[in-house]
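Work through the exercises below with the sequence and the 3D structure in view. Try each task before reading its solution.

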Amino acid sequence: RRTDDLAYVTGAIAALVGQGLAEPDHVFLLGSSNGAMMAYRVACERPGLVRVVVALAGALMIEDCRGARGVDVLHVHGSDDPWVPVSG
């Protein structure tokens, strides 16, 4: 089945902000492996929504990420990762 992950994450952020449980200027996304790729995607495709991305063992899989200008990134990746190698 097709799931719109981007809409789900965007909606979750909007719900948390709307309920006063998150501050719109301080949204941090942390993901590991595929979750890191998703965090990058949200930052790239929803400009202004995310302030910080913390990516653990995941790659930036988007060619054009100009929408993420101003987003701080902490990227942690091990050289022994067999699934998402550092060299691509």
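**Exercise 1: a charged pair within one helix**

Glu45 has a relative accessibility of 33% and counts as partly exposed, where buried means under 20% relative accessible area, exposed over 50%, and partly exposed in between (1.4 Å probe, protein chains only). The model is predicted, so local features need pLDDT of at least 70 and side-chain atom pairs count only at pLDDT 80 or more, while totals for chains, interfaces and linings use all residues. Residues are numbered from 1 along each chain as its sequence is written, and side-chain values use heavy atoms, with hydrogens and water left out.

Task: find which side chain meets that of Glu45 in a salt bridge, and where the two residues lie.

Solution.
- Step 1. The partner is Arg41, at 3.3 Å from N to O. A salt bridge is a side-chain nitrogen of Lys or Arg within 4 Å of a carboxyl oxygen of Asp or Glu.
- Step 2. Both residues belong to helix α2 (residues 34–45), and they are 4 residues apart, about one turn of the helix.
- Step 3. Arg41 is partly exposed, with a relative accessible area of 30%.

**Exercise 2: the other salt bridges**

Task: the structure holds 3 salt bridges; describe the pairs of Arg51 and Asp64.

Solution.
- Step 1. Arg51 pairs with Asp72 at 3.0 Å, N to O. Arg51 sits in the loop between α2 and β2 (52–56) and Asp72 in strand β3 (residues 72–76), so the pair ties together parts that are 21 residues apart in sequence.
- Step 2. Arg51 is partly exposed at 36% relative accessible area, and Asp72 is partly exposed at 42%.
- Step 3. Asp64 pairs with Arg66 at 2.7 Å, N to O. Asp64 is partly exposed at 43%, whereas Arg66 counts as exposed at 56%.

**Exercise 3: the surroundings of Val84**

Task: is Val84 buried or exposed, and which residues is Val84 in contact with, leaving aside neighbours within four places in sequence?

Solution.
- Step 1. Val84 is found in the segment after β3.
- Step 2. Its relative accessible area is 12%, and Val84 is therefore buried.
- Step 3. With those neighbours left aside, Val84 is in contact (heavy atoms within 4.5 Å) with Ser33, Met37, Ala57, Gly58, Ala59 and His77.
- Step 4. Ser33 and Val84 are 51 residues apart in sequence, while their C-alpha atoms are 7.5 Å apart in space.

**Exercise 4: the whole chain**

Task: describe the elements, the compactness and the charges of the protein chain.

Solution.
- Step 1. The chain has 2 helices and 3 strands. Helices (H or I, at least four residues) and strands (E, at least two) are DSSP runs, numbered from the N terminus. From that terminus on, their order is α-β-α-β-β.
- Step 2. The radius of gyration is 13 Å, close to the 12 Å that the globule rule gives for 88 residues, so the chain is as compact as a globular protein of that length. This radius is taken over C-alpha atoms, and the rule is 2.2 Å times the number of residues to the power 0.38.
- Step 3. The C-alpha trace spans about 40 × 35 × 25 Å along its principal axes.
- Step 4. Of the 88 residues, 26% count as buried.
- Step 5. There are 7 positive and 10 negative side chains, and the centres of the two sets lie 7 Å apart. Lys and Arg count as positive and Asp and Glu as negative; His and the chain ends are not counted. The place of a charge is NZ of Lys, CZ of Arg, CG of Asp or CD of Glu.
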